Each structure stands twice: as C-alpha cells, then as structure tokens.
Amino acid sequence: MMEQVKRTIERYSMLETGDRVIVAVSGGADSLSLLHLFLRLKSEYSLKIFVAHVDHMTRGGGSTEDAKFVGGLCKEWGIPLYIKEADMEQYAILNSLSEEEAGREIRYKFFYDLKQKLDADRIAIAHNKNDQAETVIMRMLRGTGIKGLVGIEPVRQPGIIRPLIDVDRDEIEKYCSENGLNYRRDYTNYQRLYTRNKIRLELMPYIEKEFNPNIVDTLARLSQTLREEDQYIEQQTFKVFTQIAQVNSQQTCVEIDIFEFKKQHVAVKKRLIRWAIKRLKGHLMGINYIHIEDAIQLARSSQSGKRIDLPGGISISRSFNKLVIGKAQCYMGGVKDFEYHLVIPGSTYINEIHGEVVANIINKSDFIENRKNSYKAALDLDKLSREKYIVMRNRRPGDYILFDGMKGKKKIKKYFIEKKIPAYQRANIPMLASGNQIIWIPGKVINKDFKVDTNTIKILVLEYNNK
C-alpha cells in the first residue's frame, strides 16, 4: 500500500520537501493508516506533522471516546494534537443543514483555521477509492454534470490532499492488521439512515454481485477520465473568460459580453456563469442547475434591466449588451459619493474608484491635440476660471452637459442611457463639474463651452488614469 500511496503523491504533486502537514484523524481505519503512512514518510520528505480531530459530541459519548483514543495515540507517537469540540446536531438545526452537511462544515472550517494558525502547507484527508465510487454514484443519483461525476478531487485548494484516493477499503484494513493498528469503529457507519450508508451497505454490494464485481475500480477510472476532460474544458473556459468577461476593481461585478457569450457552446456558457459566481463568492454552494439555466435564459432575452436573484447575495441581470453577475454592492453603485478639488498643477487621487487625475497648464502654442486618447482633455483655462467651484466628483441629481450643435441642456442621466452605460456603473464614473454643469467626463465627452478655440491662450490639460 505504501508504494501505491507514493505513486499517488508523486502523480498529483501532493507533497514537497519540508512541508508542514495537518493530518485529519477521526480514529477510524482510514485516517489511522494515513497517519501511520505519513510517519513513515516523515524523514523522506522532512515533514512536520500535526493531527487535527473533531469531537462532534454525538453517539452518546462515543465521539468523546474517539477523541480520547486519538489523544492517547498522538501522545504515544509524539505528534502535536489539536482537538475541536462542536455540537454537530445543534449546528445542523441552527443552520438548516443535514447532519452530514453540518459535520463537514464544522470539520473543514476547523482544518482551514488550523492551517492558518500553524502556517501549514497541506491538510491530508483519508478519503479512499471506495469513498470515490460512492460519491460518484450518489451524485449520479441526484443528477449532475461532468464536474459532479469527477467526484472527490485528489488535490483541492487550499492545500487539501487525499493520498489514499487510489487505495480501496480492503487494502486499508489489511494494512491496519499487518501493522497492528487498532482503530475505532463508528457504529453509525453501519446504520441505513444516510444516503451514503445506503449506497455503501446496500447498493454497492448489489451491483458487485449482480453486474460488476469490480465496480469500485470501474467508477474510479470513470472519475479519472472525466477529471482529465473536465480540466481541459476548464482551461478552454478560462481562455474565453479572460476574453469576454471583466471584473470590476471592487471585485463586486463580473460583466460578460452578451454577443460573445451567445457564440459559445452551451457547455462553456454554463461554466462561464459558474466561473463568474465563484469569482465573486469564492464557492458555488447553493448554486444549482436551475440557477445556471435561468442565467442562460436571461442572456437570450432582449429585455435590458431584467434581473434574477441567486442564493448567497448574488444577482444576475441583462444590462444592454452585458450580462452582469454581481454582489449587492455592485447594484448599489459600488461607491459612495465623492468630491475632490483638483491639484493644479499636480495629481489628484480618487480613493473611492482608485483613479488619478493629472493636471498641467500649458501655452496654446505648445498644445498638440491627441484625439486617440479620450481620457485626456484640453480645456480653456480662462473659461474655467469664470466658474466659482470646480471639482472632480461622481454624478448628482440634476447634472447636465452642453453639446456642440445642440440647443439646450442634456441631462447626464439621459446621456448615460443613450450611451448604454449600466445603472450600476454610473456612480463609478468621475466627472469634472461646476455646480450641476458637467465640464468633462473622462473617456467620453467635453462640454462645448469649455473647449479650446481660436481665442484660447492657456490650456488646462487633464489626464485620467485607473490605478
């Protein structure tokens, strides 16, 4: 078994020399053999090993006995031990979760917190080949795509490794017997109360007897094949994402170009939506098939402004030619009102939008017009000096601008609509203003009353840059 574990470690680059590894140990055969294997690998990889154990306070004190067992073992073997006590049943009730989900959340939060506390590199979990097969069947029964049928990842960020993923349960029990490892047995694993237990105790033996005696190996190979294909599709999706999607500087919105999105294969479309949601949330918990389908249907719609709300505070909307996936802050405009007096000459940093306005005064004779850079403006200094209060700010109610060849004023709100600037972006746009009159919108337009003309003597040159 050691040789198989070494091959798995090397195949997935699970360890590096000098790693600090937290081994999750429940006291059962899988985790106990994993810890024993790591002790044998300790000198080869120069590892620093820690043990993490969670007492779920269940089974009428049985879980506490598990904790005592693991504690005694770690003391005997000289391994630092960290134990967390958590009432799993109460946690499940308070968070509207099944006990299985609650236990998983408690454990992984503890592992991640401990990893940070100990500055550890890896968290080793004792999932084996049988766990993999059961997971594939369970997800198949619930309905899933390729990613779900991949099953349990051998390596997952941040730092999760599963060195026993290519070892079946019989080999593990044999290893324990050969090495004199007495392990704890959780009787709840033999109760037909949970879906996984039913699959392990009833469905898998039936399939082995009636259809395929090597079903565990078969499902493990299926998982591996789909993992390789999934990785390829993910790579292609990443390329597309970088080409047609943009994430705002506050990391609250992802914009996807609708026209380019429609050109993609439906498999890539679904992954693009998932990518965007995961980029904002950090995970996809609570996001189901129907949510992704609703998002794709929204992209097909021609109705701008339509919006759907997803679990976890994420919304998706159609805004002109963009599909917008965003947190609540995205739809609130992203930033509060800001207002800055310009440093002339010099630079003015706008903290709220991480932008900078650089100002210089030059003679008209030194001015060379550059129409290619719309984020650079040349304004008549004398005309500006007639204004009492000039600031760089974001929009306000009643703002307007004057255009060449146009009688009267145009409301900035109407201008934004005509230019198809999404409502959630408008508060992020800086504007040079005097009262409600807008003088310059970087990247877009200059008020006709402040442009350079034949009578101009001095020019104020402004350039806006995002940091």
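## Lining of the second largest pocket

In this predicted model, the lining of the second largest pocket comprises twelve nonpolar, ten polar and five charged residues. The lining is made up of 27 residues, and the pocket holds about 720 Å³ of space. Nearest the centre of the pocket lie N248, Q425, N428, I429 and N466.

Three strands each contribute at least two residues to this lining: strand 7 (245-247), strand 8 (253-257) and strand 22 (458-466).

## The five-stranded sheet

Strand 7 and strand 8 also belong to an open sheet of five strands, arranged in the order 7-8-11-10-9 with antiparallel pairing. Strand 7 and strand 9 (307-310) form the edges, each pairing on one side only. From one strand to the next, the twist averages 15 degrees.

Within this sheet, five bridges join strand 10 (residues 314-319) to strand 11 (residues 322-326) in the antiparallel sense. S315 has G326 of strand 11 as its bridge partner.

## Helices packed on the sheet

Helix 10 (residues 215-244) packs on the sheet, where it touches strand 7 and strand 8. The direction of helix 10 makes about 70 degrees with that of strand 7. The two strands touched by helix 10 are among those that supply residues to the pocket lining.

Helix 13 (residues 289-300) lies across strand 9, strand 10 and strand 11. Relative to strand 10, helix 13 runs at about 15 degrees.

Note on methods
Residues are numbered from 1 along each chain as its sequence is written. This is a predicted model: local features need pLDDT of at least 70, side-chain atom pairs count only at pLDDT 80 or more; totals for chains, interfaces and linings use all residues. Side-chain values use heavy atoms; hydrogens and water are left out. On a 1 Å grid over the protein atoms alone, a cavity is a set of points where a 1.4 Å probe fits but cannot get out, and a pocket is an open set with protein on both sides within 12 Å along at least five of seven lines; lining residues have an atom within 4 Å of a point. Grid points are joined across faces, edges and corners, and a volume is the space filled by probe spheres set on the points. Helices (H or I, at least four residues) and strands (E, at least two) are DSSP runs, numbered from the N terminus. Ala, Val, Leu, Ile, Met, Phe, Trp, Tyr, Cys and Pro count as nonpolar, Asp, Glu, Lys and Arg as charged, and the others, Gly among them, as polar. Two strands pair if DSSP finds at least two bridges between them. Axes are lines fitted to C-alpha atoms, for helices over the stretch in contact, and angles run from 0 to 180 degrees between N-to-C directions. Contact means heavy atoms within 4.5 Å.
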